[in-house]
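Visitor: I'm new to this one. Could you walk me through how to read its charged side chains and its core?

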Amino acid sequence: LEPEDVALRAFLHAEAADVVGAGAGASDAERVLGEALDEARPQPLVALGIAERLARAGKAEEALHRFDQALAGSLLGLRRSSGVAMTAAEVARRAGDLARAHRFLNEAAKDPELRVHALRSTAAVAAAQGDVARARNILAGLADGLAGEERAQVLAQLARVLFASGSTEDRGEAERALERA
């Protein structure tokens, strides 16, 4: 078999093993993916299968390494790269690797379907880092291009970020954002 075929077979086998049973299925999935990694190295789909399982096991740093490998190539249409990038960003955020979270979110934001979610997440990460100016710029720019409920949610998020900053000037801007929502 070609390396992509080996990767596809292993990935689908691992997914099926996960569905069939938690205990034995999980170890079977890991075994199959490990064998495929040895046989068809490096294949993005195998890296993704390993990354998802490592993330579920709480092994963030190892998972992030595999997510990087997965996003470096074709996932053969089984997962959208943007969705994988969002998952990887969340793993990075929980692990405290905010620079990596930003990188994954930037990748996810290229997908029109995930753009708003990715940019809102980027603003949340920036705010968590204390970069109120960046969060403000992202959210204000995003709100300008939206309407309805989505716009109101972004403006509410902007207001929360600004209120949390503790600045009197930001507080006034936060109140204006809520009025616009």
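Guide: Happy to. Buried here means under 20% relative accessible area, and exposed means over 50%. Keep in mind that this is a predicted model.

Visitor: So is R53 buried or exposed?

Guide: R53 has 8% relative accessibility, so it counts as buried.

Visitor: And how do charges pair up in general?

Guide: Side chains of opposite charge can pair when their charged atoms come close. In this structure, R53 and D18 form a salt bridge, at 2.6 Å from N to O. R53 sits in helix α3 and D18 in helix α1 (residues 3-20), so this pair ties together parts 35 residues apart in sequence. D18 itself is partly exposed, at 28% relative accessible area.

Visitor: Which residues does R100 form salt bridges with?

Guide: One partner is D68, with the closest N and O atoms 2.9 Å apart. That pair links helix α6 (residues 98-108), home of R100, to helix α4, home of D68. Another partner is D97, where the closest N and O atoms are 3.7 Å apart.

Visitor: What about R66, how far is the nearest side chain of opposite charge?

Guide: That side chain is E62, 7.1 Å away, and R66 is buried yet has no salt bridge. The R66 side chain does make a polar contact with the side chain of Q69, at 2.9 Å.

Visitor: And the core: which residues touch the most other members?

Guide: In the largest nonpolar core, with 61 residues, they are V46, L48, F67, V91 and F104. Helix α3 (residues 44-56) gives the largest share of this core, eight residues.

Methods
Residues numbered from 1 in each chain as written. Predicted model: local features only at pLDDT ≥ 70, side-chain atom pairs only at ≥ 80, totals over all residues. Heavy atoms only, no water. Buried < 20%, exposed > 50% of the residue type's maximum accessible area, 1.4 Å probe, protein only. Lys, Arg positive; Asp, Glu negative; His and termini not counted. Salt bridge = Lys/Arg side-chain N within 4 Å of Asp/Glu carboxyl O. Polar contact = N/O pair within 3.5 Å; in protein donor to acceptor, adjacent residues only side chain to side chain. Core = buried A, V, L, I, M, F, W, Y, C linked by side-chain atoms within 4.5 Å. Helix = DSSP H or I, 4+ residues; strand = E, 2+ residues; numbered from the N terminus.
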